[in-house]
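Work through these exercises with the sequence and the structure open. Try each task before you read its solution.

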Amino acid sequence: MSLKISVDFTNVKESSGFNPKRMEAGDYLAEIVSVTKDKSKAGSEMLVFAFQLQEHKSAVYPYYIVLDDKSLWKLRNILVALGKKAPKGKASIDVERLVGSTLGVSLEDDEYEGKEKSVIDSIFAASEIAGDPSAPAADEDEDSADVETGEDEDLDELDL
């Protein structure tokens with residue numbers, strides 16, 4: 001017996017790219033594998049970072065940053081964790097240049113629809129993970145030339 005169906009995969013996405021695998025709560029080294037611009041459920045612009053754990057390549061976690069005054073501290077924390085000088089005013093940042101960077105993430109337990117999963121609780125410098133001799137200390141990488149003041153605009157250009 002054959003069960004034949006007709007389907008149309010034209011508008012079907014490959015996958016979200018995320019696999020927020022349930023891990024033991026704690027600190028992990030992670031790589032930024034992608035960053036995209038999207039809209040939040042409320043309609044606000046946001047960045048969606050994908051962090052892949054270095055020791056568990058199949059574990060990829062989303063990190064959402066709404067582009068407003070209440071949430072931009074999350075982007076500042078990423079910049080600081082990577083040893084970049086975070087701007088204090090308006091800035092233009094090419095966030096795609098952060099892809100491939102390594103930092104530390106702290107995972108904690110969360111529950112969604114009755115199922116336990118891990119979520120990113122905080123971001124910090126990779127050098128804060130014990131036993132990672134390859135990671136530079138946050139202030140070793142800091143370069144005061146990271147921010148350039150724009151002549152024509154009231155924006156700083158952050159060179160990552």
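**Exercise 1: Glu-113**

At 69% relative accessibility, Glu-113 counts as exposed. Keep in mind that the model is predicted.

Task: Find where Glu-113 lies in the chain, and state what is notable about its phi.

Solution.
- Step 1. Start with the place: Glu-113 sits in the loop between strand 5 and strand 6 (115–124).
- Step 2. Turn to the backbone: the phi of Glu-113 is positive, about 50 degrees.
- Step 3. Check the residue type: Glu-113 is not a glycine, yet it has this positive phi.

**Exercise 2: the overall layout**

Task: Count the helices and strands of the protein chain, and give their order along the sequence.

Solution.
- Step 1. Count the elements: there are two helices and eight strands.
- Step 2. Read along the sequence: the pattern is β-β-β-α-β-β-β-α-β-β.
- Step 3. Add the burial: of the 160 residues in the protein chain, 32% are buried.

**Exercise 3: a charged patch**

Task: Name the residues of the negative surface patch, and find the strand that gives the largest share.

Solution.
- Step 1. List the members: Glu-108, Asp-110, Glu-111 and Asp-121 form the patch.
- Step 2. Look for the main contributor: strand 5 (residues 102–112) supplies three residues, the largest share.
- Step 3. Pick one member, Glu-111, which lies in strand 5.
- Step 4. Classify Glu-111: exposed means over 50% relative accessible area. Glu-111 has 54% relative accessibility, so it counts as exposed.

**Exercise 4: two buried polar side chains**

Task: Decide whether Gln-52 is buried or exposed, and do likewise for Ser-101. Then find the backbone oxygen that each side chain reaches.

Solution.
- Step 1. Recall the cut-off: buried means under 20% relative accessible area.
- Step 2. Locate Gln-52: it belongs to strand 2 (residues 45–53).
- Step 3. Apply the cut-off: Gln-52 has a relative accessible area of 17%, so it is buried.
- Step 4. Follow the side chain of Gln-52: it reaches the backbone oxygen of Lys-57 at 2.7 Å.
- Step 5. Locate Ser-101: this residue is in the loop between strand 4 (91–93) and strand 5.
- Step 6. Apply the cut-off again: with a relative accessible area of 18%, Ser-101 is buried.
- Step 7. Follow the side chain of Ser-101: its partner is the backbone oxygen of Leu-98, at 2.8 Å.

How values were computed: Residues numbered from 1 in each chain as written. Predicted model: local features only at pLDDT ≥ 70, side-chain atom pairs only at ≥ 80, totals over all residues. Heavy atoms only, no water. Patch = residues over 30% accessible without salt bridge, like charges linked within 9 Å, V, L, I, M, F, W, Y side chains within 5 Å. Areas by Shrake-Rupley, 256 points an atom, 1.4 Å probe, with all protein chains shown as cover. Salt bridge = Lys/Arg side-chain N within 4 Å of Asp/Glu carboxyl O. Lys, Arg positive; Asp, Glu negative; His and termini not counted. Charge placed at Lys NZ, Arg CZ, Asp CG, Glu CD. Helix = DSSP H or I, 4+ residues; strand = E, 2+ residues; numbered from the N terminus. Buried < 20%, exposed > 50% of the residue type's maximum accessible area, 1.4 Å probe, protein only. Polar contact = N/O pair within 3.5 Å; in protein donor to acceptor, adjacent residues only side chain to side chain.
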